[in-house]
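Open the model in your viewer and keep the sequence panel beside it. The stops below say what to select and what you will find there.

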Amino acid sequence: MRFYASKFPEVDELVMVQVKQIQEMGAYVKLLEYDNIEGMILLSELSRRRIRSIQKLIRVGRNEVVVVMRVDKDKGYIDLSKRRVSAEDVVKCEERYNKGKTVHSMMRHVADKSGSDLEELNNAIAWPLYAKFGHAYEAFKVSIGDPESVFGGLEVNPDVLADLKDHIARRLTPQLVKVRSDFELTCFSYAGIDAIRRALRKGEALTTSDVPIKIRLVAPPLYVIISNSADKTGAIARLEKALQVIEDSITKEGGKIAVKLAPKAVSESDDLELSALMDRVARENKEVSGDEDSEGEA
């Protein structure tokens, strides 16, 4: 099944193909986004350089980004070129293809589950969204927060639409990433602990709905600043800014900050190490408190 409403690509369009067969004239390929229809890359369109071994340029079974040179819809001939494709073209086409593949996979899932015809379902949902949003993938992402703006006006079986919405939410809802930084904060001036509290509050004040910020004490003078966010890059930048705000505040009051771990996305094992450290510190503090009580009783 094709990804798009059109049965054939347009001239100058970038397409993803898979190499089926290599001959002296060139390579026969199938267009993955257009129902696997056949196309051909002539030997002269494989590379800008002199070809010594075609096997080094192209291999059977491998996916390639090519550009459409000619389309004969009546005879079904499609001539393609690999040598006219730039590195930027490859990135752009791969991104579009991967998004289209995701949309196609979700539409097929819904069609199989509901017993619907895939082409009819695409005609009712996916292809109108390509026309309206530029790509159905982008429409699906928008629908997670605003389904009415995407699906309103489409004539679709409510049960089928409900299943699609559920599948989109499970597949495309951004996963949260934990970003963390460890730092030591000290202040031996008269302001002391109050200065540290003020600095930490100013750091936490930079929290936003997209990048929430929490600061926790591990063991004096070690603190950890954490954010769980779908925007990893934004969270790292936000934590860096919060650390700068903390540094500016504590420095003015005679204190110091020493960053031990720069803001970064942390793994589950990193998180477990931190939890283990905090548990150990808590136990040690409890034991010290218990010893003091015993001495007092004695």
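Begin with strand 1 and strand 4, which pair in the antiparallel sense over five bridges. Within this pair, pick Gln-18 and look across to strand 4, where its bridge partner is Asn-63. Bear in mind throughout that this is a predicted model.

**The barrel**

Widen the selection to the whole barrel: five strands close in the order 1-2-3-5-4, and the pairing is mixed. From one strand to the next the twist averages 50 degrees.

Go next to strand 1 (residues 14-22) and strand 2 (residues 26-31), an antiparallel pair joined by five bridges. Select Val-17 here; its bridge partner in strand 2 is Leu-31. Which helix packs on this sheet? Select residues 87-114, which are helix 2; this helix touches strand 1 and strand 4 (63-72). The direction of helix 2 makes about 95 degrees with that of strand 1.

Now follow strand 4 into strand 5 (residues 77-81). These two strands run antiparallel and are joined by five bridges. Asp-72 stands opposite Tyr-77 in strand 5. The hairpin formed by strand 4 and strand 5 has four residues between the strands, and Gly-76 takes a positive phi near 80 degrees there.

**Helix 2 against helix 6**

Keep helix 2 selected and add helix 6 (residues 158-172). The two pack at an angle of about 140 degrees, with their axes 10 Å apart. Helix 2 and helix 6 are therefore oblique to each other. The crossing of helix 2 past helix 6 is right-handed.

To see the contact, show these side chains:

- From helix 2: Thr-102, Ser-105, Met-106, Met-107, His-109, Val-110, Lys-113 and Ser-114.
- From helix 6: Val-160, Asp-163, Leu-164, His-167, Ile-168, Arg-170, Arg-171 and Leu-172.

Coloured by class, the contact of helix 2 with helix 6 has seven nonpolar, five polar and four charged residues.

**The open sheet**

Move on to the second sheet. Four strands make up this open sheet in the order 7-8-6-9, with antiparallel pairing. Which strands stand at the edges? They are strand 7 (214-219) and strand 9 (256-265); each has a single partner strand, so one side of each is left without a neighbour in the sheet. The twist in this sheet averages 20 degrees from one strand to the next.

Select strand 6 (residues 177-186) and strand 8 (residues 222-229). Eight bridges join this antiparallel pair. Two places to check are Lys-178, whose bridge partner in strand 8 is Asn-228, and Val-179, whose bridge partner in strand 8 is Ser-227. When you look along a strand, recall that in a regular strand the side chains alternate between the two faces of the sheet.

Then turn to the pairing of strand 6 with strand 9. Seven bridges join these strands, which run antiparallel. Select Phe-183 to find its bridge partner in strand 9, Val-259.

**Helix 7 and its neighbours**

Add helix 7 to the view. Helix 7 lies across strand 6, strand 7 and strand 8, and runs at about 160 degrees to strand 6.

Next, bring in helix 8. The axes of helix 7 (residues 192-204) and helix 8 (residues 232-252) come within 8 Å and cross at roughly 155 degrees. That angle makes helix 7 roughly antiparallel to helix 8. Helix 7 passes helix 8 in a right-handed crossing.

Show the side chains on both sides of this contact:

- Helix 7 contributes Ala-195, Ile-196, Arg-198, Ala-199, Leu-200, Lys-202 and Gly-203.
- Helix 8 contributes Ala-242, Val-245, Ile-246, Ser-249 and Ile-250.

By class, eight residues in the contact of helix 7 with helix 8 are nonpolar, two are polar and two are charged.

**Last stop: confidence**

Finish by colouring the chain by pLDDT. The protein chain averages 89, and 87% of the residues score at least 70. Where is the pLDDT below 50? Select residues 291-298: the pLDDT is below 50 over this stretch, which has zero contacts in the model beyond near neighbours in sequence.

Conventions. Residues are numbered from 1 along each chain as its sequence is written. Side-chain values use heavy atoms; hydrogens and water are left out. Axes are lines fitted to C-alpha atoms, for helices over the stretch in contact, and angles run from 0 to 180 degrees between N-to-C directions. Angles under 35 degrees count as roughly parallel, over 145 as roughly antiparallel, 65 to 115 as roughly perpendicular and the rest as oblique. A crossing is left-handed if the near helix is turned anticlockwise from the far one by less than a right angle, and right-handed if clockwise. Contact means heavy atoms within 4.5 Å. Ala, Val, Leu, Ile, Met, Phe, Trp, Tyr, Cys and Pro count as nonpolar, Asp, Glu, Lys and Arg as charged, and the others, Gly among them, as polar. Two strands pair if DSSP finds at least two bridges between them. pLDDT is the predictor's confidence in each residue, from 0 to 100.
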